[in-house]
Amino acid sequence: MNVNQECFRTIKDFNNNSLFRKGNGKSGVYIWGFSLEETDFTIPTNSKMFFPYYVGKAHDMYSRTHEHIAFLSGGNFSIFDIKECVQKNTLVGQIQKKYQKTSSNAKPNSGISLPNDSYPNLLHFPEGIHTLQKFFTSQKIKNEIDWMLKHFCITYLIPEIPQKTHNIDLEKIVGNIIGYDKLITERYKFPQGHKIEIINSPQNISLNTYEDLFIHCRGKMLSVQLGI
């Protein structure tokens, strides 16, 4: 399967550009997370400066991106203290799965609450409307959401021949390459019998490792960051 990859973009990159309005987005797979660069709205210079958070597929990826940003700011995703996760090597997918299991088995009024040392750096989990007052009143959560939106970045993988089955398989492949312990998304088994290549680069790049997602964008990312 051959795919094209659009370089990482921040929320600022979408500003006032009608190219990214609803209905213009192509079908494919997306990866979003957070740039660990100190400057706001700055794309990551390499894979170590990107904190992956979510992998998904969509028919219209620009519309889906808008939905995800709204979900993130509205409390519909798990919220972790990302900087603490980086320092302590916290695997957000692993922690979230542990919390989901505990929460689903807990009876009402069981007393389970966050923050909780059993779920390090997890500030919010979207388990129901009863969690929203804390979500909207906690200054720590407000500060984290503000940081997340300023450091949000996303990239798109677009199959050369768009097919629903290609998107389904590509989503699973990318999720497994990154590692679901690092993602808050649903887990899938790696589909067999596929070879993925990024083709909009000087030479085709086989998508076998997490680092491969960054290789062909690196020159463009540096030129953007340095203002060249």
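Me: Before we look at this predicted model, what makes two strands count as a pair?

Reply: Two strands pair if DSSP finds at least two bridges between them. With that in hand, the open sheet here reads E3-E2-E6-E1-E7-E8, 6 strands with mixed pairing.

Me: Why are E3 and E8 called the edge strands?

Reply: Each of them pairs on one side only. E8 covers 205-206.

Me: And how do you know that E2 and E6 pair?

Reply: They share 6 bridges, in the antiparallel sense, and the cut-off is at least two, so E2 and E6 (residues 152-159) count as paired. One bridge to look at joins valine 29 to leucine 157 in E6.

Me: Which helices lie across E2, E3 and E6?

Reply: Helix H1 (residues 61-74) lies across these strands and E1 (2-10), at about 150° to E6. Helix H5 (residues 139-151) lies across E2, E3 and E6, and runs at about 125° to E2.

Me: Why is the pair of tryptophan 32 and tyrosine 53 called tilted?

Reply: Let's take the two values in turn. The ring centres are 5.6 Å apart, and the limit for a pair is 6.5 Å, so the rings do pair. The planes make 45°; stacked needs under 30 degrees and edge-to-face over 60, so this pair is tilted. The structure holds 21 aromatic pairs.

Me: What makes this pair a link between distant parts of the chain?

Reply: Tryptophan 32 belongs to strand E2 (residues 28-35) and tyrosine 53 to strand E3 (residues 50-58), 21 residues apart. Both also belong to one aromatic cluster, whose members include Tyr30, Phe34, Phe71 and Trp147.

Me: Are tryptophan 32 and tyrosine 53 buried or exposed, and how do you know?

Reply: Tryptophan 32 has a relative accessible area of 0%, and tyrosine 53 is also at 0%. Buried means under 20%, so both qualify.

Me: Where do they stand in the largest nonpolar core?

Reply: That core has 36 residues, and Trp32, Phe34, Tyr53, Phe80 and Met148 touch the most other members. Leaving aside neighbours within four places in sequence, methionine 148 is in contact with Phe34, Tyr53, Leu72, Ile79, Phe80 and Ile82. Apart from the largest core lies another, of 24 residues, among them Cys153 and Leu207.

Me: Lastly, why is the charged end of lysine 182 said to sit over the ring of tyrosine 210?

Reply: The charged end lies 5.8 Å from the ring centre, and the distance limit is 6 Å, so that part of the test is met.

Key
Residues are numbered from 1 along each chain as its sequence is written. This is a predicted model: local features need pLDDT of at least 70, side-chain atom pairs count only at pLDDT 80 or more; totals for chains, interfaces and linings use all residues. Side-chain values use heavy atoms; hydrogens and water are left out. Rings of Phe, Tyr and Trp (its six-membered ring) pair if their centres lie within 6.5 Å; planes under 30 degrees apart count as stacked, over 60 as edge-to-face and the rest as tilted. Helices (H or I, at least four residues) and strands (E, at least two) are DSSP runs, numbered from the N terminus. Buried means under 20% relative accessible area, exposed over 50%, partly exposed in between (1.4 Å probe, protein chains only). A charge sits over a ring if NZ of Lys or CZ of Arg is within 6 Å of the ring centre and within 35 degrees of the ring normal. A nonpolar core is a set of buried Ala, Val, Leu, Ile, Met, Phe, Trp, Tyr and Cys residues joined through side-chain atoms within 4.5 Å. Contact means heavy atoms within 4.5 Å. Axes are lines fitted to C-alpha atoms, for helices over the stretch in contact, and angles run from 0 to 180 degrees between N-to-C directions.
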